[in-house]
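Here are my notes after a look through this one, as numbered points. Have the structure open while you read.

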Amino acid sequence: MGLLDRLSGLLRLKKKEVNVLCLGLDNSGKTTIINKLKPSNAQSQDIVPTIGFSIAKFKSSSLSFTVFDMSGQGRYRNLWEHYYKEGQAIIFVIDSSDKLRMVVAKEELDTLLNHPDIKHRRIPILFFANKMDLRDAVTSVKVSQLLCLENIKDKPWHICASDAIKGEGLQEGVDWLQVFVRRIHYWRCFCALVLPYFM
Ligand code: G3D
Ligand code: MG
């Protein structure tokens with residue numbers, strides 16, 4: 001396959017689906033966020049607790065996302081790691097009003113970041129500091145501090161304050177995610193295609 005053929009493969013990302021893992025503790029708002037990102041005619045009226053996981057699809061302006069909405073209930077959290085290899089991006093949702101369980105959210109995040117299938121990958125992570133509408137909610141800056149996000153040096157990450165019920169903050173997050181998914185894809189293609197010509 002020539003260089004031009006290979007370069008044309010780059011453009012295929014336009015049509016390609018991107019697998020996203022949606023993680024976070026139960027009740028943080030994962031399913032509500034994913035539901036809100038779907039086209040309005042595909043949105044459910046009732047959000048029920050997720051058993052195991054469910055798969056949803058939504059589109060941004062240039063990518064098609066397949067989201068694995070993983071249950072955050074304790075007994076299902078060990079399921080997450082079976083899907084890490086499939087994921088090309090992660091959405092991690094935090095209930096900003098649940099200060100008591102912020103420590104547990106941090107533990108789950110640390111476990112995720114140290115997993116062999118995630119640790120050495122430059123996978124983009126979008127954090128939603130959700131439930132910002134609630135009186136007890138702390139700011140996204142505070143959530144970022146409580147989760148020690150500044151320690152994540154080897155992966156692009158971004159945190160957005162969100163209110164999943166109204167849909168506020170979600171588009172900003174998805175816009176960021178698609179930019180970084182594409183950027184990482186192009187960089188990998190560049191390394192795979194161009195670097196061998198210099199070796
Ligand atoms: P999960 O998938 O992470 O387990 P869900 O969480 O999406 O099932 O949401 C859990 C509860 O939080 C739901 O309420 C949902 O309506 C609520 N919720 C989700 N996002 C927000 C938000 O931004 N603000 C507020 N105020 N509530 C939110 P119920 O009552 O159905 O349990
Ligand atoms: Mg759910």
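1. Let's start with the sheet, bearing in mind that this is a predicted model. Strands β1 and β3 (residues 64-70) run parallel and are joined by six bridges. If you want a spot to check by eye, take V20, whose bridge partner in β3 is V67.

2. β1 has another neighbour to look at. Strand β4 (residues 89-95) is joined to β1 by four bridges, and this pairing is parallel too. V20 is again a handy marker: its bridge partner in β4 is A89.

3. How many residues of β1 are buried? Six of the seven in strand β1 (residues 17-23), so the strand is mostly covered. As a reminder for reading the side chains there, those of a regular strand alternate between the two faces of the sheet.

4. Next, the metal. Which residues coordinate the magnesium ion (ligand 2)? T31 and T50 do, each through OG1, at 2.0 to 2.1 Å. These two come from distant parts of the chain, 19 residues apart: T31 sits in helix α2 (residues 30-37), while T50 is in the loop between α2 and β2 (53-59). As for cover, T31 counts as partly exposed at 21% relative accessibility, whereas T50 counts as buried at 12%. I'd mention that T31 is just over the line, since buried means under 20% relative accessible area.

5. On to the cysteines. A disulfide is a covalent bond between the sulfur atoms of two cysteines. The count of disulfides here is zero. Why is C148 not bonded to C160? Because the C160 sulfur, although the closest cysteine sulfur to that of C148, is 20 Å away, too far for a bond. C160 is in no disulfide either, and the nearest cysteine sulfur to it, that of C22, is 13 Å away. For reference, the cut-off for a disulfide is 2.5 Å between the sulfur atoms.

6. Are those two cysteines buried or exposed? C148 is partly exposed, with a relative accessible area of 25%. C160, on the other hand, is buried, at 1%.

7. Last, the surface. W187, F190, L195 and M199 make a nonpolar patch of about 510 Å². One of these, M199, lies in the segment after α6 (170-193). M199 is exposed, with a relative accessible area of 84%, so this residue clears the over 30% needed to belong to a patch. I'd show this patch in a figure.

Definitions and conventions. Residues numbered from 1 in each chain as written. Chains lettered and ligands numbered in written order. Predicted model: local features only at pLDDT ≥ 70, side-chain atom pairs only at ≥ 80, totals over all residues. Heavy atoms only, no water. Patch = residues over 30% accessible without salt bridge, like charges linked within 9 Å, V, L, I, M, F, W, Y side chains within 5 Å. Areas by Shrake-Rupley, 256 points an atom, 1.4 Å probe, with all protein chains shown as cover. Salt bridge = Lys/Arg side-chain N within 4 Å of Asp/Glu carboxyl O. Buried < 20%, exposed > 50% of the residue type's maximum accessible area, 1.4 Å probe, protein only. Donors = N, O, S within 2.8 Å, 3.2 Å for Na, K, Ca; no water. Pairing = 2+ DSSP bridges.
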